[in-house]
Amino acid sequence: MSEQQFAKVAYDIERSIKIALLNRDMTQKELAELIHANPQQLNRAIKGDMTPKSRELREQVARVLNL
């Protein structure tokens with residue numbers, strides 16, 4: 001995957017999460033508390049960080065927000 005493709009996928013994931021949060025009237029901080037995550041770590045995960053922890057957090061977010 002090229003750098004440009006990766007950036008597009010990361011942007012799309014971030015956008016879908018933020019839209020889901022807005023639709024639920026929920027903040028990232030509230031989401032972090034719900035999944036027992038550090039808010040800064042969750043933010044990195046939402047922004048596209050590729051560490052194993054960030055990937056795990058994105059999976060949890062997808063389950064919680066039904067994405």
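Trainee: Let's start with the core. Which residues touch the most other members of the largest nonpolar core?
Mentor: Keep in mind that this is a predicted model. Its largest nonpolar core has 13 residues. Those touching the most other members are Ile17, Leu31, Ile35, Leu42, Val61 and Leu65.

Trainee: And which helices each supply at least two residues of this core?
Mentor: Four helices meet that mark, counting H2 at 28–34 and H3 at 39–46. The full list is H1, H2, H3 and H4.

Trainee: Take Ile17, then. Leaving aside neighbours within four places in sequence, what is Ile17 in contact with?
Mentor: Ile17 is among the core residues that touch the most other members, and so are two of its partners, Val61 and Leu65. Once neighbours within four places in sequence are set aside, the contacts of Ile17 are Ile46, Val61, Leu65 and Leu67.

Trainee: On to charges. How many salt bridges does a search of the whole structure find?
Mentor: One of them pairs Lys8 with Asp12, and another pairs Glu14 with Lys18. Searching the whole structure, the count comes to four.

Trainee: How far apart are N and O in the salt bridge of Lys8 and Asp12?
Mentor: Both residues sit in helix H1, which covers residues 3–23, and being four residues apart puts about one helical turn between them. Lys8 is partly exposed at 49% relative accessible area, and Asp12 is partly exposed too, at 32%. Their side chains meet with an N to O distance of 2.9 Å.

Trainee: Now Glu14. Is Glu14 buried or exposed?
Mentor: Glu14 belongs to helix H1. Its relative accessible area is 15%. Since buried means under 20%, the label for Glu14 is buried.

Trainee: Which residue in helix H1 lies four residues from Glu14, about one turn of the helix away?
Mentor: Glu14 forms a salt bridge with that residue, their closest N and O atoms being 3.1 Å apart. The partner is partly exposed, with a relative accessible area of 31%. The residue in H1 you're after is Lys18.

Trainee: Not counting residues up to four places away in sequence, what does Glu14 touch?
Mentor: One of the partners is also joined to the Glu14 side chain by a polar contact of 2.8 Å, and that one is Lys47. With residues up to four places away left out, Glu14 touches Ile46 and Lys47.

Trainee: What N to O distance goes with the salt bridge of Glu56 and Lys53?
Mentor: These two are in helix H4, residues 52–65, and their spacing of three residues is about one helical turn. Glu56 is partly exposed at 38%, and Lys53 counts as partly exposed at 42%. Their side chains meet at 4.0 Å.

Trainee: Which residues do salt bridges with shared partners join into one network?
Mentor: Glu14 and Lys18 are already paired by a salt bridge. Shared partners make one network of Glu14, Lys18 and Lys47.

Trainee: What about the surface? How much accessible area does the nonpolar patch of Met1, Val9 and Ile13 have together?
Mentor: Take Ile13, which is found in helix H1. Ile13 is partly exposed, with a relative accessible area of 33%, so it clears the cut-off for patch members of over 30%. Together, Met1, Val9 and Ile13 have about 290 Å².

Trainee: Backbone next. Where is Asp25, the residue with a phi near 55°?
Mentor: That phi is a positive value in a residue other than glycine. At 70% relative accessibility, Asp25 counts as exposed. Its place is the loop between H1 and H2.

Trainee: And where is Asn66?
Mentor: Asn66 also has a positive phi, about 55°, although it is not a glycine. It is exposed, with a relative accessible area of 64%. You'll find Asn66 in the segment after H4.

Trainee: Last one. What distance separates the C-alpha atoms of Gln4 and Asp49?
Mentor: Gln4 is in helix H1 and is exposed, with a relative accessible area of 66%. Along the chain, Gln4 and Asp49 are 45 residues apart. Their C-alpha atoms are separated by 15 Å.

Key: Residues are numbered from 1 along each chain as its sequence is written. This is a predicted model: local features need pLDDT of at least 70, side-chain atom pairs count only at pLDDT 80 or more; totals for chains, interfaces and linings use all residues. Side-chain values use heavy atoms; hydrogens and water are left out. Buried means under 20% relative accessible area, exposed over 50%, partly exposed in between (1.4 Å probe, protein chains only). Patches are made of residues with over 30% relative accessible area and no salt bridge: like charges are joined within 9 Å, nonpolar side chains (Val, Leu, Ile, Met, Phe, Trp, Tyr) within 5 Å. Accessible areas come from the Shrake-Rupley method with a 1.4 Å probe; for residues, only the protein chains shown count as cover. A nonpolar core is a set of buried Ala, Val, Leu, Ile, Met, Phe, Trp, Tyr and Cys residues joined through side-chain atoms within 4.5 Å. Contact means heavy atoms within 4.5 Å. A polar contact is a pair of N or O atoms within 3.5 Å; within protein, one must be able to donate a hydrogen and the other to accept it, and residues adjacent in sequence count only if both atoms are side-chain atoms.
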